[in-house]
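Me: I've got a protein model open and I'd like to talk it through with you. Can we take it step by step?

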Amino acid sequence: MRKLPSLLTKSDRRGLIFIVVTAAVLITGAYFLGKAESTTESVAQDSLNINEEKAAKGFVMPRTYNYGPGGNKAELFPFDPNTADSTELLRLGLKPYLVRNIYHYRAAGGEFRKPEDFACIHGLTMKQYETLRPYIVITGDYRMAADVVKEAPERTPRDTIAYPRKLKEGETIELNGADTTELRKVRGIGPYYARAIVRYRERLGGYYSTEQLKEIEGFPEEALPFLTVNTQAIRRLAINSLSQSQLRSHPYISFSQAKEIATYRRVKGYIRNAATLRMFKNFTNEDLEKLLPYVDFSASEKKTEH
């Protein structure tokens, strides 16, 4: 059988193959390039839509800033002080002691109902508050459990020991006679502060002023109007008969002050009145103002009678 002559030369065939391959590469490249651009535009648009949605809800986009005298980097982002954990609070630039105060406030039953409530955190400066204020978001679904239980129909008997009802405006509790369950009826006072109040009361011998509660670290001052004091219940110090170690156990008497009292009694005899204490070099006027409501000088009079 005779072979038909080819219409294309060898060089023509090579040229044709090159053109076909080049065209295929260009078509394939154009296809994938168009798909990538489409995806990028879609992602960019989605991101824009998300940011616009957050902005419409009042969210402020995160940014970093120099915080504190050390110039440490901190991040600003929307947060709810009712639910933010310690990691988030530290990222915001808050110092560890401020984070502890926030946790104590929440553990005691405190609630941030509006951004301005955050300014009441003990130790927070106005500069820190103004920096964080635009990023505070109180979420609508956050409610204190006590409020929810109070408004919901009670289907089972309420455990008044675990969840005591809070006092209403105008109602008060006497500070020196209340136990921890009664103290927890005061808004802002939970189990932690109720126990702290009782422990400090035992060390002092009772309270003569509600202002003394401020000596408990982080104590919620909004609780003070709900408390009263019966000064007749104060347990006084027999300053002329207690040992040096017994005197030292009182929160308002230091080691050096207890030693000076014991030394004076040993050398000169009884301490008969406040004027004698005012002559002691280790006592300031402020020290005596706090201590004198607890001092009982009557032991010297009893000794003289004998």
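Reply: Sure, and one definition to start: a salt bridge here is a side-chain nitrogen of Lys or Arg within 4 Å of a carboxyl oxygen of Asp or Glu. Keep in mind that this is a predicted model.

Me: By that rule, how many salt bridges does the count come to?
Reply: The cut-off is 4 Å between a Lys or Arg side-chain nitrogen and an Asp or Glu carboxyl oxygen. Glu75 with Arg91 is one pair that qualifies, with the closest N and O atoms 2.9 Å apart. Applying the rule, the count is six.

Me: Glu75 lies in a strand and Arg91 in a helix, so how many residues apart in sequence are the parts this pair ties together?
Reply: Glu75 and Arg91 form a salt bridge with 2.9 Å between the closest N and O atoms. Glu75 sits in strand β2 (residues 72–76) and Arg91 in helix α2 (residues 86–91), so the pair links parts whose separation in sequence is 16 residues.

Me: Is Asp117 buried or exposed?
Reply: Asp117 pairs with Lys114 in a salt bridge, 3.0 Å from N to O. Lys114 is partly exposed, at a relative accessible area of 43%. The cut-off for buried is under 20%, and Asp117 has 16% relative accessibility, so Asp117 counts as buried.

Me: Which residues do salt bridges with shared partners join into one network?
Reply: Start with Glu211 and Lys214, whose closest N and O atoms are 2.7 Å apart in a salt bridge. Glu211 is partly exposed at 42% relative accessible area, and Lys214 is partly exposed at 40%. Through shared partners, the network is made of Glu211, Lys214 and Glu221.

Me: Over to Asn101: which residue's backbone oxygen does its side chain reach?
Reply: Asn101 is in helix α3 (residues 96–107) and is buried, with a relative accessible area of 8%. Leaving aside neighbours within four places in sequence, Asn101 contacts Ile121, His122 and Glu217. The side chain of Asn101 comes to 2.8 Å from a backbone oxygen, and that oxygen belongs to His122.

Me: And Tyr97, how far apart in space are Tyr97 and His122, C-alpha to C-alpha?
Reply: Tyr97 is in helix α3 too, the helix that holds Asn101. Tyr97 is partly exposed, with a relative accessible area of 37%. In sequence, Tyr97 and His122 are 25 residues apart; in space, C-alpha to C-alpha, they are 9.6 Å apart.

Me: Zooming out, what share of the residues in the protein is buried?
Reply: The protein has 12 helices and six strands. Its accessible surface is about 20,000 Å², with 56% of that belonging to carbon and sulfur atoms. Of the 306 residues, the buried share is 32%.

Me: Where in the protein is confidence lowest?
Reply: The average pLDDT is 79, and 73% of the residues score at least 70. Confidence peaks in strand β4 (residues 227–228), at 95, and bottoms out at a mean of 48 in helix α12 (residues 298–305).

Me: How many contacts does the model have beyond four places in sequence for residues 151–159?
Reply: Where pLDDT is low, the predicted coordinates shouldn't be read in detail. Residues 55–61 have pLDDT below 50, with 10 contacts beyond near neighbours in sequence. Residues 151–159 stay under 50 as well, and for that stretch the number of contacts is six.

Note on methods
Residues are numbered from 1 along each chain as its sequence is written. This is a predicted model: local features need pLDDT of at least 70, side-chain atom pairs count only at pLDDT 80 or more; totals for chains, interfaces and linings use all residues. Side-chain values use heavy atoms; hydrogens and water are left out. Helices (H or I, at least four residues) and strands (E, at least two) are DSSP runs, numbered from the N terminus. Buried means under 20% relative accessible area, exposed over 50%, partly exposed in between (1.4 Å probe, protein chains only). A polar contact is a pair of N or O atoms within 3.5 Å; within protein, one must be able to donate a hydrogen and the other to accept it, and residues adjacent in sequence count only if both atoms are side-chain atoms. Contact means heavy atoms within 4.5 Å. pLDDT is the predictor's confidence in each residue, from 0 to 100. Accessible areas come from the Shrake-Rupley method with a 1.4 Å probe; for residues, only the protein chains shown count as cover.
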